[in-house]
Amino acid sequence: MSITRLAIFLGVVLALVAGLHTYFWARLVRDTALPVPWRAWVSGLLLALAIALPLPLILGRVVPPQWGRLFAWPAYLWMGFMFLLFVFLLVADMVRLGAWAGTKTGVFGGARAIDLDLTTDPTRRNLLARLLGGLAGVGATATGLFAVRQGLRDVAVTEVDVRLKRLPLSHHGITIVQLTDVHVGPTIGRAFVERIVDQVNALAPDIVAITGDLVDGSVEALWDAVSPLGRIRAKHGIFFVTGNHEYFSGVGPWVRALGRLGIRVLGNERISIGGDGKDTGFDLAGVHDISGGRMDPLHPSDPEAALRGRDRDREVVLLAHQPKSVTEAARLGVGLQLSGHTHGGQLWPFGFFVQLAQPFVTGLHRVGETQIYISPGTGYWGPPMRLGTRAEIARIRLLRDEASAPA
């Protein structure tokens, strides 16, 4: 990432952090009229948390990885709790607004019957603010602890069957194990990668596909953590396509490093799995991340280039990090696209916001004649938390669809 982009990104992050913590202070300190010394303690805590949050982004580039982790764990944990606290406080604000509107409109039987007039009675206003603030804090804490437990659980194996009409009978039942969004970095290290490698090898895959966002950091900082991927064994090979985070981490060095591990990077290209005929094999294609061209002019996402000149009677499976690539894939006659990027929303209700940017969030879907499977991810980004979704290794079994197969 260029210095200019990094400065803009940090500016946006700092403004967002400042705004959120100001909101927390207003709801939890000002509105509740906390007495001394609680007012000073809570204000100081919020200030410290606001300062701690961007530290991994700033220090991660200038301090050794072992020191960076000391800042990363508390900062990313607070990031997750912060999001949940924001959601709970928004709900509390809707309750406050409903109480105020109900009093003004007489829904509650008038102010004399149930006096909830928050504009004229400071005692009741403070009492309600403390009650709602306390409930929001307790709710966010309890939910966050559950989310941490879910986020740090062992990664599950998800079995997915996909029927493809052009798949040759010789490849009926072939398996692709998909890893995506592992995010090796400040809080995910070598031990996690080793466990994933052992799980993958136990599945005896025919193909392993890593669909981007493997790393959050440089080759120098993460080589030891990533190197166990070289132990993966798959009959037809291990393949990788870039995600948006590779462009933050030095995409060129990572492409070369993965090659040293025996991982084939598919950059707007395809290879043949099995024979070259339509009855003996199929095509596996991969494209750079759809945002790659904006961050590296040598890495535009170009599905058309990847599929140019192919035999359209052969089945094709496309690896593309972001689900939104499926629009172009469907136009080009792709049978199946494998994607990640969304994390399944990672922390509910964030998935609703993901839907604003992507056509699908998780699972198997269809766009015209093209199917797409979106994995919720193998690791996590930022907070070591998951709520409403679980990390997975996807074992995708390709089956010939006899009902629609060509004669």
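**Aromatic cluster.** I began with the ring pairs in this predicted model. Tyr23, Phe24, Trp78 and Phe86 are linked by ring pairs into a cluster. I then searched the whole structure for aromatic pairs and got seven. For Tyr23 and Phe86 I noted ring centres 5.8 Å apart and planes at 70°; the cut-off for edge-to-face is over 60 degrees, so this pair is edge-to-face. The pair joins distant parts of the chain, since Tyr23 belongs to helix H1 and Phe86 to helix H4 (residues 65–105), with their positions 63 residues apart.

I looked up how accessible the two partners are. Tyr23 has a relative accessible area of 17% and is therefore buried. Phe86 comes out at 27%, so I entered it as partly exposed.

**Other places on H1.** Ala26 is also in helix H1. Its relative accessibility is 10%, which means that Ala26 counts as buried. I took the C-alpha separation between Ala26 and Val95 and got 16 Å, for residues 69 apart along the chain. Val12 lies in H1 too, which runs over residues 3–30. With a relative accessible area of 53%, Val12 is exposed. From Val12 to Asp93 the C-alpha distance is 25 Å, at a sequence separation of 81 residues.

**Largest core.** Next I looked for nonpolar cores. I kept in mind that in soluble globular proteins nonpolar side chains tend to be buried together. The largest core holds 33 residues, and Val184, Leu214, Val226 and Leu229 have the most contacts inside it. Elements giving it two or more residues are strands E2 (174–179), E3 (207–210), E4 (238–240) and E5 (263–265), together with helices H6 (190–202), H7 (219–226) and H8 (251–260). H6 supplies the largest share, five residues.

I listed the contacts of Leu214, leaving out neighbours within four places in sequence. They are Val182, His183, Val184, Val226, Leu229, Phe240, Glu246 and Leu258. Apart from this core there is another, of 27 residues, and Leu20, Phe24, Ala50 and Phe81 are among them.

**Helix H6.** I checked the length of H6 first. Its 13 residues should span 18 Å at 1.5 Å a residue, and the end C-alpha atoms are 18 Å apart, so the two values agree. I then asked which residues of H6 are buried. They are Phe192, Val193, Ile196, Val197 and Val200. Viewed down the helix axis, the buried residues fall within an arc of 135°, so they line one face of H6. The background is that an α-helix has 3.6 residues a turn, so residues three or four places apart point the same way. The buried residues of H6 pack against E2, E3, H7 and strand E12 (392–400). After H6 comes Ala204, and I noted its positive phi, near 50°.

**Helix H8.** I repeated the look-up for H8. Val251, Trp254, Ala257 and Leu258 are its buried residues. Their arc around the axis is only 125°, which puts them on the same side of H8. Arg256 and Arg260 are exposed on the other side of the helix. H7, E4 and E5 are included in what covers the buried residues of H8. Gly262 follows H8 and has a positive phi, near 85°.

I followed Arg260 further. Its charged end sits over the ring of Trp223, at 4.9 Å from the ring centre.

**Two loop positions.** Is Thr180 buried or exposed? Thr180 is in the loop between E2 and H6. Its relative accessible area is 0%, so Thr180 is buried. Neighbours within four places set aside, I found Thr180 in contact with Thr211, Gly212, His321, Gly340, His341, Ser375, Gly377, Thr378 and Gly379.

His299 is in the loop between helix H9 (292–295) and helix H10 (303–307). At 12% relative accessibility, His299 is counted as buried, because the cut-off is under 20%. With the same exclusion of neighbours within four places, the contacts of His299 are Tyr247, Val251, His288, Asp289, Gly292 and Gly293. One of these, Val251, I had already entered among the buried residues of H8.

How values were computed: Residues numbered from 1 in each chain as written. Predicted model: local features only at pLDDT ≥ 70, side-chain atom pairs only at ≥ 80, totals over all residues. Heavy atoms only, no water. Helix = DSSP H or I, 4+ residues; strand = E, 2+ residues; numbered from the N terminus. Buried < 20%, exposed > 50% of the residue type's maximum accessible area, 1.4 Å probe, protein only. Core = buried A, V, L, I, M, F, W, Y, C linked by side-chain atoms within 4.5 Å. Contact = heavy atoms within 4.5 Å. Expected span 1.5 Å × (residues − 1). Arc of directions from axis to C-beta. Phe/Tyr/Trp six-rings, centres within 6.5 Å; stacked < 30°, edge-to-face > 60°. Lys NZ or Arg CZ within 6 Å of the ring centre and 35° of its normal.
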